[in-house]
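Student: I should like to understand how the descriptive terms applied to a structural model are justified. May we go through them one at a time?

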Amino acid sequence: MSRALSAKELTGLYESTRAAMDSPSPNLDTLRSQLSKLKVGLVQIAMQNSEVATDSSYLLLKRSALELGAEFSVKVGDIPAFERYMAQLEAYYFGDNLGLGESKVMYPLIGLNLLRMLSENLIADFHTTLERIDLDQILGNEFVAHPVKLEQALMEGSYKKVWQARAEVPTPEYLFFVDILMSTIRNEVASCTEKSYSSLPLDDAKTVLFFSNMDELLTFAQERGWDVSPSEKKVTFPSQAENIRVFQGESIMHQTLSYARELERIV
């Protein structure tokens, strides 16, 4: 086993890792290695002296290291790791705060976790987490208000508002989960489209599926096995073996097309 780092060395390692994380172009491999070394060091120093585990300086460093790990997980797109870090941070965020005071990245991370829950359709968990947050923070904190606004839009079936929320993220990191959510919505709308229409003009398909350009639509169409006719400027969907509940798909599509036309007028 490697030599245990001292408290001073661990603090220095955290500070250098924090600085690397905040740099414009961080080296992800280096960050991963430093984070691993920091986590091992925190465990080793606590094993050597059990009283350290209750020391406020140690707890503050441990919380900061967990927050750093959560941020790194989003940066590399590791959702399970992000979920594990946030589970460990609950004791710091929703307990008695262990006498450490409020972390400046607490609400940005809570907001990201709320977005993760939305993207995974964990609505019950979403509301359980909201119940643990002060009402004034839900209403006035931009990091919490953003996912709350998204959840309300989803409940209304207003996909246009979800799409517009992409331009209103409080930090760029939020785009990671918003894009996952939009991908889920896009596939749901596409499934309804296939059941409700035999074909659509390319421009309508691009708009209703919330694509920014035609290349994105063409790639998506290829993935779903749609037939694209550049000469006719339309996309044709695979024929359905059975006409099952088409009226439901039509209702959803009429609403979504209406939202799409409104969006075109806005932009």
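Tutor: The discussion below sets values against definitions.

Tutor: This is a predicted model, in which local features need pLDDT of at least 70 and side-chain atom pairs count only at pLDDT 80 or more, while totals for chains, interfaces and linings use all residues. Residues are numbered from 1 along each chain as its sequence is written, and side-chain values use heavy atoms, with hydrogens and water left out.

Student: How do you know what confidence the predictor has in the protein chain?

Tutor: The predictor's confidence in each residue is pLDDT, on a scale from 0 to 100. For the protein chain the mean is 86, and 87% of the residues reach 70 or more. Among the elements, helix α5 (residues 106-119) has the highest mean, 96, and helix α13 (residues 246-266) the lowest, 50. Over residues 241-251 pLDDT stays under 50, and the model has five contacts (heavy atoms within 4.5 Å) for them beyond four places in sequence.

Student: What makes α5 a helix, and how does its length compare with the expected span?

Tutor: A helix is a DSSP run of H or I with at least four residues, a strand is a run of E with at least two, and both are numbered from the N terminus. The expected span is 1.5 Å times one less than the number of residues. For the 14 residues of α5 this gives 20 Å, and the end C-alpha atoms are 20 Å apart, so the two agree.

Student: Why is α5 described as largely enclosed by the rest of the structure?

Tutor: Buried means under 20% relative accessible area, exposed over 50%, and partly exposed in between (1.4 Å probe, protein chains only). In α5, 14 of the 14 residues are buried, and therefore the helix is largely enclosed. Of the 267 residues of the protein chain, 45% count as buried.

Student: Why is E168 called partly exposed?

Tutor: E168 has a relative accessible area of 41%, which lies between the two limits, so the residue is partly exposed. E168 lies in the loop between α9 (159-165) and α10 (174-196). Leaving aside neighbours within four places in sequence, E168 is in contact with H146 and K149.

Student: What makes up the lining of the largest pocket, by residue class?

Tutor: The lining divides into seven nonpolar residues (Ala, Val, Leu, Ile, Met, Phe, Trp, Tyr, Cys and Pro), six charged (Asp, Glu, Lys and Arg) and one polar (the others, Gly among them). α1 (7-22), α3 (56-75) and α5 each supply at least two residues of this lining.
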